[in-house]
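Subject: Structure for you to look at, with notes

Dear colleague,

I am passing on a structure that I would like you to open alongside this email. Please keep it in view while you read, and look up each residue as it is named.

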Amino acid sequence: MAEQEPVLKRHCWTCIKRRTVCDFTRPKCKKCQKAGVECAGYSEKKPLEWLEPGRVSSRQRTKRPSPKPLAGKGQRARSKKSADKDNEALGFASLEISKKRSEHIWNERMKMWGECMNSLEAPSPSYLRDETTEIVQATEFYNNRIYPVMSRYSLMAQAPYMQPFPMLVLHQLPPTISHSFVGITLGWRFHRQELPTDDIWPKVYHHRGAMIRDVAEKVSRCDETLEPTTQQQKSTFDVAIVCLLVFATMEIQYMYSTSVNWRQHMDAMGRLISIRGGITSLWHETQLVRGALTFFVGINTFSGSSSPASTLAFAEEHPDLPDLPEDLYEGIFCYSLCPTPLFRHIASINLLRARIARGTMDVATGKIEALRLLMRIDAFSTQQWMEMRETKYPKEFTLIGTVFQAAAVIYCILSLQCLGTLEETQEIRDMRGMYTDLLFDGIEQGLADPLTRFFMLWPNIVAGVIAGKHRPGTQIWISDTLASLGREHGQSMSILAKAALGKFWASGKTTWEDCFTVPYALSC
């Protein structure tokens, strides 16, 4: 009798899943029936099981390490050298690579990466660029090229708001600030004659348009009829003030701004500041707008000296400009090096000119105030001020104090004589002659010193007004100096001052009001 072929026993699929011993009963396992579960049977392929959503789960399985190949009969052990070659051919570092070699490879890769990141001349086709790319490239250019140049000017007084910009927070900025980097970078390179005009201005105006739209949108959120009371309302005003300042500063420094635009931006910013409680109140309330307030006061004060008296309404709207917190004036000093007492006097001259021109002060009172103000400027002691600074640069600070005092005296005499508040006496004539000599000698020395050269713009403008009457031979020298400062600083203010003074000299007129027939922002 033939022997029967043994039957292979197979566990049912349910017992396999439950990890129990099957009783092999067909067609259904009795152990599954006793357990109250449905037996999946004994088919060759595992049956599919449909689960409700959310019930699917899996176990984390650890991968067993593959056994090392053993050299034996019929099998040849691979050498370490051949294994390394295979790994390198596949692009992987060998597990047996030495520590020194690993460090060398890492350093070489980081060096190559750093060279790529620091390269400012890397090819970047225009059709691959978008706004984000241009903003990132402009910010990198500012950090690597513009900031190192500007930081040299803050050796005598560390500017609190001059620093490289952190790239990691660039995406969190309002569009006005991020787009301003493109305008600043292109404007700086243009005025330094590094780029042709046709290549940059379409791009500048594109990003300028994005800034205008963002500023308009932020200002529209501010309800000017009500004083902000909640923190959200105050933050809305503060962000609008900062964005207005950033936009106006870019316009003044790089866009040849005249009365058509920059004065409107400053007036709008002044209204928002007044609604927020004024300069002093806002300065003590929040740190966010301190930088904006510093530049707002500095720009309005210096630009007031190069504006007609009839347009100085902001001086009456903010009569506290000569009496603001001391730390605010210290911030202005770091950017202008104008001694704080003299800066206050310049603000007082602007306020007096505005009141006389607008008829809010009678001429008799104006004469008394003008003479008193002139005597205060004349009494300023550069030596005492320099000793209070406790600086490492006593020679440079003495020169700066002398130049700005001379410029402030000349500005006071010439601007107030136009309004009939200072008479042409022999004493005033002698004072003007003495300080004129001090001003020109000081400017010549200041331009020769790299630490003080950057801060000679406003004194040069004052000297330019004098040159129209008393020093005709110095007009070419002042014109060349302003052009040179514009190229070095990469800003349009010096070029605009040169154009305004050239027009004044050509007119043959001699008074301060004849020189500045429209508001000019010639110092920022």
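What follows is an account of what was found, taken element by element. Please keep in mind throughout that this is a predicted model.

I will begin with two helices that are mostly hidden from the surface. Helix H11 covers residues 290–305, which makes 16 residues, and the distance from its first C-alpha to its last is 23 Å, close to the 22 Å expected at 1.5 Å a residue. Because 15 of those 16 residues are buried, H11 is largely enclosed by the rest of the structure. Helix H19, which spans residues 457–467, goes further in this respect, since 11 of its 11 residues are buried, and so it too is largely enclosed by the rest of the structure. Among the buried residues of H19 you will find Leu457, Trp458, Pro459 and Asn460, as well as Gly464 and Ala467.

A single buried residue may also be worth finding, namely isoleucine 346, which is part of helix H14 (residues 340–358). Its relative accessible area is 0%, and because buried means under 20%, isoleucine 346 counts as buried. The C-alpha atom of isoleucine 346 is separated by 9.9 Å from that of alanine 407, although these two residues are 61 residues apart along the chain.

The surface has a feature of its own to look for. Which residues form the positive surface patch? The patch is formed by Arg18, Lys30, Lys31 and Lys34, and helix H2 (residues 30–35) gives the most to it, with 3 residues. One residue of the patch, lysine 31, lies in helix H2, and with a relative accessibility of 38% lysine 31 counts as partly exposed.

Next come some details of the backbone, for which a little background helps. Most residues other than glycine have a negative phi, and most peptide bonds are trans. The loop between helix H1 (13–18) and H2 is the place of proline 27, and the peptide bond that leads from arginine 26 to proline 27 is cis, with omega near 5°. Phenylalanine 24 lies in the loop between H1 and H2 as well, and its phi is near 65°, which is a positive value in a residue other than glycine. With a relative accessible area of 26%, phenylalanine 24 is partly exposed. Leucine 337 has a positive phi too, of about 60°, although it is not a glycine. You will find leucine 337 in the loop between helix H13 (326–336) and H14, and, with a relative accessible area of 1%, leucine 337 is buried.

The last topic is the pairing of charged side chains. How many salt bridges does the count come to? The count comes to 20 salt bridges, and I describe some of them here. Aspartate 214 and lysine 218 meet through their side chains in a salt bridge of 2.7 Å, taken from N to O. Both residues lie in helix H7 (residues 197–220), where they are 4 residues apart, about one turn of the helix. An α-helix has 3.6 residues a turn, so residues three or four places apart point the same way. Aspartate 214 is buried, with a relative accessible area of 9%, and lysine 218 is buried as well, at 10%.

Another salt bridge joins arginine 276 to aspartate 238, with the closest N and O atoms 2.9 Å apart. Because arginine 276 lies in the loop between helix H9 (262–275) and helix H10 (279–285), while aspartate 238 lies in helix H8 (residues 231–254), the pair ties together parts that are 38 residues apart in sequence. Arginine 276 is buried, with a relative accessible area of 5%, and aspartate 238 is buried, with a relative accessible area of 3%.

A further salt bridge links glutamate 424 with arginine 432, where the closest N and O atoms are 2.7 Å apart. Is each partner buried or partly exposed? Glutamate 424 is partly exposed, with a relative accessible area of 36%, whereas arginine 432 is buried, at 9%. Finally, Arg145, Arg189, Arg192 and Glu194 are joined into one network by salt bridges that share partners.

With best wishes

Notes:
Residues are numbered from 1 along each chain as its sequence is written. This is a predicted model: local features need pLDDT of at least 70, side-chain atom pairs count only at pLDDT 80 or more; totals for chains, interfaces and linings use all residues. Side-chain values use heavy atoms; hydrogens and water are left out. Helices (H or I, at least four residues) and strands (E, at least two) are DSSP runs, numbered from the N terminus. The expected span of a helix is 1.5 Å times one less than its number of residues. Buried means under 20% relative accessible area, exposed over 50%, partly exposed in between (1.4 Å probe, protein chains only). Patches are made of residues with over 30% relative accessible area and no salt bridge: like charges are joined within 9 Å, nonpolar side chains (Val, Leu, Ile, Met, Phe, Trp, Tyr) within 5 Å. Accessible areas come from the Shrake-Rupley method with a 1.4 Å probe; for residues, only the protein chains shown count as cover. A salt bridge is a side-chain nitrogen of Lys or Arg within 4 Å of a carboxyl oxygen of Asp or Glu. Lys and Arg count as positive and Asp and Glu as negative; His and the chain ends are not counted. The place of a charge is taken as NZ of Lys, CZ of Arg, CG of Asp or CD of Glu.
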